[in-house]
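Welcome! Let's take a short tour of a protein, moving from its hollow spaces to its packed interior and then to a single residue.

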Amino acid sequence: MVSVPRLVIAAPASGSGKTTVATGLMAAFAGRGLAVSPHKVGPDYIDPGYHALATGRPGRNLDAYMCGPELIAPLFTHGAGGCDLAVVEGVMGLYDGASGQGELASTAQVSKLLRAPVVLVVDASSQSRSVAALVHGFASWDPEVRIGGVILNKVASDRHEALLREALDESGLPVLGVLRRAPQVATPSRHLGLVPVAERQTDALDAVRAMGERVREGCDLDALLALARSAPGLSDEAWEPEAYPQEGTRPVVAVAGGAAFTFAYAEHAELLTAAGAEVAVFDPLHDEKLPPGTAGLVIGGGFPEVYGPELSANEPLRRAVTELALSGAPVAAECAGLLYLARELDGRPMCGVLDASARMSERLTLGYRQAVAVSDSVLAAAGTRLRGHEFHRTVLEPGAGTTPAWGLLQPERRVEGFVQRGVHASYLHTHWAAAPGVARRFVEHCRG
């Protein structure tokens with residue numbers, strides 16, 4: 001039985017202030033000297049970067065669609081082991097999940113799987129007594145979801161606060177915090193959400209400090225900690241990447257990082273290491289060579305479209321990536337990595353490993369996907385089924401090679417991506433903890 005005090009921070013809808021409150025709570029409790037484990041519901045890569053700044057620990061995702069409900073508590077326990085407190089930021093509205101899949105992947109489902117109390121963040125800017133009806137509806141919708149209190153956001157004045165508190169007295173739920181209307185903490189956004197921490201390190205630190213200060217001033221941290229400590233123990237065994245016997249030297253797997261490639265799940269590097277690889281992070285914006293001894297390459301998601309000129313200008317590294325791919329070495333590329341391997345992006349030369357051209361688009365492609373591997377590759381055997389997520393505003397022409405990477409089954413049937421030599425490149429983001437054989441297969445190919 002593992003007992004980690006924990007809170008889930010949820011809201012009736014997106015835009016209510018979940019990220020401010022969750023990140024602020026992490027920073028405030030870490031400032032008290034507590035070891036805080038940060039988590040995010042869903043496939044979001046950006047918020048966990050802010051969580052990591054607030055806590056000094058890796059931000060981790062809990063995605064019941066991609067990993068399955070059965071892995072949520074084990075992954076949580078893995079990340080939260082040895083911590084004094086865990087804070088889980090929800091996604092969208094409390095009961096919003098995968099489209100057409102009921103509660104699957106919703107914050108509500110994750111809170112139940114973790115047996116964690118929920119704190120509801122309510123945007124009170126345009127209401128007074130009605131807030132009680134709203135909170136009552138959310139608290140009574142699913143009796144298995146335990147809403148332990150409310151944090152009121154965007155409160156206009158002392159009079160407004162008094163009206164809200166009076167109304168909520170009848171709901172039986174305590175008000176655990178009140179945040180006044182204030183200029184938004186400087187967390188700029190663009191076409192795919194917040195600007196990642198790696199692109200604005202100093203400003204991001206200032207933003208996280210400001211969130212922490214707002215929460216310290218407006219929230220009852222003692223009451224919130226007491227609520228977190230009321231969560232019962234979890235009997236689920238912690239997830240651990242399976243370690244394999246090592247023979248000979250560890251192959252070097254180069255993993256793209258830096259400001260252009262910020263989308264990565266913490267468990268991927270852990271799985272590669274457990275499978276026998278030496279993980280070496282490099283920055284394609286600045287490094288002109290791959291890490292010494294590179295035997296395989298992983299290029300995850302991010303924003304190559306924002307850094308197209310810089311990526312294109314780094315001709316020595318583009319040449320090194322191309323040579324590695326042409327040698328038949330294993331290369332796994334997701335979304336941004338796919339674009340980087342293309343012939344060009346918005347007219348600028350990229351690596352040219354794939355005979356395809358990419359450009360920015362006004363259309364957002366977003367959503368969960370069910371996929372089956374079309375052919376054998378360095379990641380999966382033909383017929384392997386995985387669940388993934390697409391999230392981009394780019395178009396690749398053609399969208400699939402003569403040997404596609406995936407056949408997408410839902411919500412529409414199509415093929416996409418490229419498998420050629422040792423390259424597996426696709427728009428699809430996947431979570432390898434759901435299929436740990438992916439990392440092992442990749443490392444085995446790196447061994448040759």
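## A small closed space

How do the residues of the lining of the second largest cavity divide into nonpolar, polar and charged? There are five nonpolar, no polar and two charged residues. Here Ala, Val, Leu, Ile, Met, Phe, Trp, Tyr, Cys and Pro count as nonpolar, Asp, Glu, Lys and Arg as charged, and the others, Gly among them, as polar. The lining consists of Glu242, Tyr244, Leu271, Ala275, Pro436, Ala439 and Arg440, and the volume of this cavity is about 30 Å³.

A note before we go on: this is a predicted model, in which local features need pLDDT of at least 70 and side-chain atom pairs count only at pLDDT 80 or more, while totals for chains, interfaces and linings use all residues. Residues are numbered from 1 along each chain as its sequence is written, and side-chain values use heavy atoms, leaving out hydrogens and water.

## An open pocket

The second largest pocket has a volume of about 950 Å³. Its lining has 46 residues, and Phe261, Thr262, Phe263, Ala264 and Tyr265 lie nearest its centre. Among the elements that give two or more residues to this lining are α2 (47–55), α9 (266–274) and β10 (252–256). By class, the lining has 31 nonpolar, 14 polar and one charged residues.

## The packed interior

A nonpolar core is a set of buried Ala, Val, Leu, Ile, Met, Phe, Trp, Tyr and Cys residues joined through side-chain atoms within 4.5 Å; buried means under 20% relative accessible area, exposed over 50%, and partly exposed in between (1.4 Å probe, protein chains only). The largest core has 111 residues, of which Leu152 and Leu272 touch the most other members. Helix α1 (residues 18–31) gives the largest share of this core, seven residues. A second, separate core of 39 residues includes Phe261, Leu317, Val321 and Val353.

Leu272 is in contact (heavy atoms within 4.5 Å) with residues including Val253, Trp432, Ala439 and Phe442, leaving aside neighbours within four places in sequence.

## One residue in a loop

Thr384 sits in the loop between β16 (357–373) and β17 (385–397). Is this residue buried, exposed or partly exposed? Thr384 is partly exposed, because its relative accessible area is 25%.

Not counting residues up to four places away in sequence, Thr384 touches Ala371, Val372, Ala373 and Trp406. Thr384 and Ala371 are 13 residues apart in sequence and 8.3 Å apart in space, C-alpha to C-alpha. A polar atom of the Thr384 side chain also lies 2.7 Å from the backbone oxygen of Ala381.

Methods: Helices (H or I, at least four residues) and strands (E, at least two) are DSSP runs, numbered from the N terminus. A polar contact is a pair of N or O atoms within 3.5 Å; within protein, one must be able to donate a hydrogen and the other to accept it, and residues adjacent in sequence count only if both atoms are side-chain atoms. On a 1 Å grid over the protein atoms alone, a cavity is a set of points where a 1.4 Å probe fits but cannot get out, and a pocket is an open set with protein on both sides within 12 Å along at least five of seven lines; lining residues have an atom within 4 Å of a point. Grid points are joined across faces, edges and corners, and a volume is the space filled by probe spheres set on the points.
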